[in-house]
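Colleague: I'd like to learn how to read a model like this one, feature by feature. Could you take me through it?

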Amino acid sequence: MSTSVGFLSTISPSACPLQERRSGAAPCRRLIRPRVSCHSNGDARQPPPSSLLMDRRDVLIALGGLTGGTAAAGKMALASPVMPPDLAKCHDAKSSGLGDNLKCCPPYTSADIVDYTFPETPLRVRRAAHLVINDSEYMEKYEEAVKKMKELPENHPWNFYQQALIHCAYCNEAYDQVGFPGVPVQVHYSWLFLPWHRYYLHFYERILGKLIDDDTFTLPFWNFDSDDGMTIPEIFTNDTSSPLYNANRDTSHYSSAILDYKYSYGNTAGSGETGNALVLANLCYMKKTFKQSLPLAELFMGDPLRAGQEADTTNGFGQLESIHNAIHMWVGTPTSPHTDMGDFSTAGRDCIFFSLHANVDRLWHIYRMFRGNKVEFTDTDWLDSTFIFYDENEQVVRVKVRDCLKPNKLRYMYEEVPIPWMNKLNCVKTTEIKEKTKTELSLVRVGPFGSEPRELSQTALRVMVPRPKKSRSKTEKEEKVEVLLIKDISVDTEGPARFDVYIAAPYGDLAGPDYGDFAGTFVRLPHKGMKGKERKGSLKLGITSLLEDLEAEDAEKLVVTLVPRVGEFTIGGVLIKLLQTDNPRLL
Ligand code: C2O
């Protein structure tokens with residue numbers, strides 16, 4: 001394996017980052033962003049990025065970067081997309097469970113990086129994992145491909161473990177953002193989550209196909225949003241000698257155990273359903289997630305993240321990512337370090353990862369369809385965000401978010417399967433809650449959040465939150481979505497973390513014993529905090545439709561209850577805002 005030292009000695013100090021310089025096709029001007037100069041090896045001559053960053057962040061925040069200022073911030077002259085990492089500066093990665101010295105860098109530190117040439121191969125159809133099990137021809141191919149990938153030389157970029165390290169490098173801070181030393185490249189917790197993983201699967205799938213010389217090969221998707229798909233797919237568990245098998249899992253979740261979207265390492269209080277009730281709870285959760293986030297893409301897909309901005313700082317992830325995080329936890333080992341699936345640095349070592357993500361990707365596609373095929377963010381800071389991958393032709397390629405928005409362009413699609421959560425489901429428990437809360441004796445007084453941050457660890461935090469406007473008209477609702485914003489969340493533990501959010505209508509300042517209806521969740525896998533409490537995320541939940549279901553439209557205030565499930569948090573504030581929808585037509 002070549003080292004970055006050897007590589008650095010060969011470059012001229014005045015050069016632009018090597019990947020840009022060598023490609024010839026791409027002048028280094030591409031990397032020049034306002035006030036950040038283009039040096040590959042010249043940190044000394046660069047303006048101090050921290051001060052730039054301060055300015056930028058202040059501007060972003062001043063313009064409302066946190067709360068629905070997406071459009072405004074996107075039009076800013078200062079705005080800039082996240083750029084691909086500088087391979088030569090890859091360094092040790094870190095994970096809370098596995099330490100600070102993870103070697104996740106790719107086996108190449110320099111490369112001729114070219115723009116990816118999109119394939120013109122036949123359209124590939126990804127099929128449901130629980131359905132392919134009876135297709136022995138397909139199963140043989142899939143196993144053969146993974147076997148070959150595992151047998152490749154350790155340092156081959158296609159090698160199974162090298163492929164897993166791609167995820168580690170992009171998720172566990174092996175790279176700093178170009179021009180922003182100390183600000184890690186991170187593809188979770190923001191609007192980069194879905195596009196990056198779409199590309200990751202794309203290249204992975206095509207490499208597998210190449211290894212067995214089959215240009216129709218596809219990864220199966222874990223259809224976890226259907227009744228039949230809510231157990232761990234048998235293809236990954238039924239044969240311990242299969243190349244698809246992985247021993248680092250919670251084996252108590254094998255066979256007929258039903259997946260719990262609200263899983264948090266044993267603490268399922270408040271969910272607690274089993275059997276068919278759990279299946280229904282999951283379907284309702286999925287339905288709710290879609291319904292609540294249709295008016296505004298960031299609620300589903302995550303907040304903007306721009307060059308120089310640290311993921312997990314001021315911004316937050318979408319609700320699809322939350323559900324996905326819980327599934328990671330449910331598959332991985334139940335005890336720390338929660339390998340493989342329960343920790344980003346190791347998740348790619350389990351074949352099930354790619355099936356989980358294929359379905360996440362499919363759900364994004366469904367979301368897209370529901371919104372009339374509308375591009376979710378027209379902001380060029382999203383569209384021009386750029387990543388680097390190693391493709392099936394052994395070429396290091398550069399890809400942009402804007403080019404992955406249509407699966408057809410990547411030459412794949414999903415087999416059509418029933419979508420049970422689109423059916424009419426008997427979900428809302430409002431009646432039951434109302435009945436119970438009529439017992440006046442059990443009403444409790446709930447106060448406002450207050451101006452100081454509050455801790456959330458053992459017991460639920462209940463606060464009374466005023467709404468900007470009650471009894472809104474249909475037109476008002478079409479224009480603006482009501483959003484519950486939990487801000488400045490710091491996770492004070494490095495292990496897994498989850499709290500759930502419930503809302504209910506109060507009686508004056510009194511709240512009933514029930515927390516009300518589930519509004520959404522904050523779930524994070526173990527995460528090594530670089531700056532501990534300085535890293536503050538936020539959580540945004542659309543509640544317009546939920547309030548209708550709760551018949552709480554006329555309430556002036558809402559009782560918001562945060563229920564900690566695992567981990568400890570500090571919460572900066574809880575408020576309700578009205579944000580401009582980006583999709584009024586479909587409400
Ligand atoms: Cu990059 Cu499922 O995580």
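Colleague: Let me start with one residue: in which helix does His357 lie?

Modeller: His357 lies in helix α13, residues 352–370. Helices (H or I, at least four residues) and strands (E, at least two) are DSSP runs, numbered from the N terminus. Before going on, keep in mind that this is a predicted model: local features need pLDDT of at least 70, side-chain atom pairs count only at pLDDT 80 or more, and totals for chains, interfaces and linings use all residues. Residues are numbered from 1 along each chain as its sequence is written, and side-chain values use heavy atoms, with hydrogens and water left out.

Colleague: What is the mean pLDDT of the protein, and where does pLDDT stay under 50?

Modeller: pLDDT is the predictor's confidence in each residue, from 0 to 100. Here the mean is 84, and 81% of the residues reach 70 or more. It stays under 50 over residues 1–77 and again over residues 430–437. Where pLDDT is low, the predicted coordinates should not be read in detail.

Colleague: Which residues does the UniProt annotation "binding site" cover?

Modeller: The annotation, from an unreviewed entry, covers His324, His328 and His357. They span 34 residues in sequence, yet no two of their C-alpha atoms are more than 10.1 Å apart, so they gather at one spot. UniProt positions are given in the numbering used here, feature names are shortened, and annotations may be inferred rather than shown by experiment.

Colleague: Are His324 and His357 buried or exposed?

Modeller: Buried means under 20% relative accessible area, exposed over 50%, and partly exposed in between (1.4 Å probe, protein chains only). His324, found in helix α11 (residues 319–331), has 0% relative accessibility and so counts as buried. His357 is buried too, at 2%.

Colleague: And what does the side chain of His357 make a polar contact with?

Modeller: A polar contact is a pair of N or O atoms within 3.5 Å; within protein, one must be able to donate a hydrogen and the other to accept it, and residues adjacent in sequence count only if both atoms are side-chain atoms. The side chain of His357 makes one with the side chain of His324, at 3.0 Å. For plain contacts (heavy atoms within 4.5 Å), not counting residues up to four places away in sequence, His357 touches Phe193, His197, Leu201, His324 and His328.

Colleague: How many residues does the largest nonpolar core have?

Modeller: In soluble globular proteins, nonpolar side chains tend to be buried together. A nonpolar core is a set of buried Ala, Val, Leu, Ile, Met, Phe, Trp, Tyr and Cys residues joined through side-chain atoms within 4.5 Å. The largest one here has 151 residues, and Tyr142 and Phe499 have the most contacts inside it. Its largest share, 11 residues, comes from α8. This core draws at least three residues from each of domain 1 (93–422) and domain 2 (432–580), with bounds from an automatic or database domain assignment. A second, separate core of 5 residues includes Leu296, Val481, Val483 and Leu579.

Colleague: Where is the place of Pro420?

Modeller: Pro420 is in the loop between β9 (412–414) and α15 (430–437). At 12% relative accessibility, Pro420 counts as buried. Pro420 and Met286 are 134 residues apart in sequence and 9.9 Å apart in space, C-alpha to C-alpha.
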